[in-house]
Amino acid sequence: GEEIYSLQKSHVFNMQKLKNSELRLIEAKQKMRELALNIKMKEELIKELVRTGKDAQSVSRQYFLKITKLGQEIEQAKMELAETQKQLQELESKEMRDIAEKAKLQKEFRKTMDATKLKVQRQATELEQNVAQMKHQLTQLQKRLCEESEKKKQLEAEIQQDQQQIKVGFLLF
């Protein structure tokens, strides 16, 4: 009778150990699933961060092209101004029979020259404002890229840690 009791007791103890082992296995599998999901989410986030960086480069390129175009427009306006001044000097140096005609032409040239000067000033002001705005936006983008880069490094480190935990999990079972 005592032997049977001892065997039953041993059997119950072994069944309990088996049950505990199964619970630990289920728990480990669940944790590994969660880690795998966590890694997938973090990898997606990293892809998104890389896309954000490319968008920032594109915006920077567009601003550079706009600044270049405005610079060319200012140069064109300066050339027009120089040409107008040259024509005015030629006109003033010529002896004109009709003084009234000369005055009228001088007035027209001065008007054109003033308009061209104003155009150059406006374009220069617009360019300065655009450059200031672009510098600000570039600073914001650089700050954001730094933040995103830090996030990316952190996520990569977490992914590595998660993968290490998965390896440890596989080694345990």
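These legends describe close-up views of a predicted model of one protein chain.

**View 1. Two helices make up the secondary structure of the chain.** Strands number zero. The radius of gyration is 39 Å, whereas the globule rule gives 16 Å for 173 residues, so the chain is more spread out than a compact globule. Along the principal axes, the C-alpha atoms fill a box of roughly 145 × 20 × 15 Å.

**View 2. Helix H1 and helix H2 both feed the largest nonpolar core.** Seven residues form this core: Leu35, Ile39, Ile46, Leu49, Leu155, Ile159 and Ile166. H1 spans 2-93 and H2 spans 99-172. Each helix supplies at least two core residues. H1 gives the most, with four.

**View 3. Ile39 and its contacts beyond four places in sequence.** Ile39 touches Ile159 and Ile166, both members of the largest nonpolar core. Ile39 also touches Asp162 and Gln163. Ile39 itself belongs to that core.

**View 4. Contacts in the chain by sequence separation.** Take the contacts with a separation of 6 or more. Of these, 82% join residues 24 or more positions apart.

**View 5. Burial and exposed surface of the chain.** Buried residues account for 18% of the 173 residues. The chain exposes about 14,100 Å². Carbon and sulfur atoms supply 55% of that area.

**View 6. Positive and negative charges of the chain.** The chain carries 34 positive and 28 negative charges. The mean positions of the two sets lie 1 Å apart.

Terms used:
Residues are numbered from 1 along each chain as its sequence is written. This is a predicted model: local features need pLDDT of at least 70, side-chain atom pairs count only at pLDDT 80 or more; totals for chains, interfaces and linings use all residues. Side-chain values use heavy atoms; hydrogens and water are left out. The radius of gyration is taken over C-alpha atoms; the globule rule is 2.2 Å times the number of residues to the power 0.38. Buried means under 20% relative accessible area, exposed over 50%, partly exposed in between (1.4 Å probe, protein chains only). Contact means heavy atoms within 4.5 Å. Accessible areas come from the Shrake-Rupley method with a 1.4 Å probe; for residues, only the protein chains shown count as cover. Lys and Arg count as positive and Asp and Glu as negative; His and the chain ends are not counted. The place of a charge is taken as NZ of Lys, CZ of Arg, CG of Asp or CD of Glu. A nonpolar core is a set of buried Ala, Val, Leu, Ile, Met, Phe, Trp, Tyr and Cys residues joined through side-chain atoms within 4.5 Å.
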